[in-house]
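Trainee: I would like a close look at one part of this protein. Please take me through the nonpolar core, and then show me how the rest is arranged around that topic.

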Amino acid sequence: MVVANFFLNVFAESMLPRAIARLSDLLRPGGTLLIGDFAPPVGHPALCILQRAYYLPPLALFRLLTRNPWHRLYDYRPVAERAGFTLEAHDRVRIFGLGPRWLSTLRFVKGA
């Protein structure tokens, strides 16, 4: 099992496929990749704008402190599936159990 909570955000979008492929290298077939991160926006356009605004302060802070790349909210599903993973579970969760479901947990299984 590999757990990547709020880890993949440190990579530029162009490097994300390589990062997930590297995580795949660490797993045997049937192994599990868990990703916990900000969820990509879905639903009403006004809520999507609010969700993006919620994401901007941490993105700006990490950019300032660590020079992390500036990027949109990632949707890990297509990138992981191209790397040979199958999505087993996806839950959108509330922050501290309150408010909108703007965080997500994804459980992928590595194929043969």
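Mentor: What follows starts with the whole chain, goes on to the core, and ends with a few single residues.

Keep in mind that this is a predicted model. Start with the overall plan. The protein has three helices and four strands. Read from the N terminus, the elements run β-α-β-α-α-β-β. The radius of gyration is 14 Å, close to the 13 Å that the globule rule gives for 112 residues, so the protein is as compact as a globular protein of that length. Along its principal axes, the C-alpha trace spans about 40 × 30 × 25 Å.

Next, look at contacts along the chain. Take the contacts between residues at least 6 apart in sequence. Of these, 63% join residues at least 24 apart. Buried residues make up 37% of the 112 residues.

Now the core itself. The largest nonpolar core holds 18 residues. Which of them touch the most other members? They are Leu-8, Ile-20, Leu-33, Ile-35 and Tyr-76. Five elements each supply at least two residues of this core: strand 1 (2-5), helix 1 (16-25), strand 2 (32-38), helix 3 (76-82) and strand 4 (98-110). Helix 1 gives the largest share, four residues.

Apart from this core lies another one, of seven residues. Tyr-55, Leu-59, Ile-95 and Leu-103 are among them.

Go back to Leu-33 and find its partners. Leave aside its neighbours within four places in sequence. Leu-33 is then in contact with Val-2, Leu-23, Leu-27, Phe-85, Leu-106, Arg-107 and Phe-108.

Now compare a loop residue. Leu-73 sits in the loop between helix 2 and helix 3. Is Leu-73 buried or exposed? Its relative accessible area is 9%, under the 20% cut-off, so Leu-73 is buried. What does Leu-73 touch, not counting residues up to four places away in sequence? Its contacts are Phe-38, Ala-39, Pro-40, Pro-41, Gln-51, Arg-52 and Tyr-55. Tyr-55 is also one of the residues in the seven-residue core. Leu-27, a contact of Leu-33, is 25 Å from Leu-73, C-alpha to C-alpha. In sequence, Leu-73 and Leu-27 are 46 residues apart.

Arg-67 belongs to the loop between helix 2 and helix 3 as well. Its relative accessibility is 72%, over the 50% cut-off, so Arg-67 counts as exposed. Its backbone deserves a look too. Arg-67 has a positive phi of about 65°, although it is not a glycine.

Phe-96 also has a positive phi, of about 55°, and it is not a glycine. Find Phe-96 in the loop between strand 3 (85-95) and strand 4. Phe-96 is exposed, with a relative accessible area of 79%.

Ala-53 lies in helix 2 (residues 45-66). At 39% relative accessibility, Ala-53 counts as partly exposed. Its C-alpha atom is 35 Å from that of Gly-31, and the two residues are 22 apart along the chain.

Finish with the surface and the charges. The protein exposes about 6900 Å², and carbon and sulfur atoms supply 62% of that area. There are 14 positive and 7 negative charges. Their mean positions are 4 Å apart.

Notes:
Residues are numbered from 1 along each chain as its sequence is written. This is a predicted model: local features need pLDDT of at least 70, side-chain atom pairs count only at pLDDT 80 or more; totals for chains, interfaces and linings use all residues. Side-chain values use heavy atoms; hydrogens and water are left out. Buried means under 20% relative accessible area, exposed over 50%, partly exposed in between (1.4 Å probe, protein chains only). The radius of gyration is taken over C-alpha atoms; the globule rule is 2.2 Å times the number of residues to the power 0.38. Contact means heavy atoms within 4.5 Å. Accessible areas come from the Shrake-Rupley method with a 1.4 Å probe; for residues, only the protein chains shown count as cover. Lys and Arg count as positive and Asp and Glu as negative; His and the chain ends are not counted. The place of a charge is taken as NZ of Lys, CZ of Arg, CG of Asp or CD of Glu. A nonpolar core is a set of buried Ala, Val, Leu, Ile, Met, Phe, Trp, Tyr and Cys residues joined through side-chain atoms within 4.5 Å.
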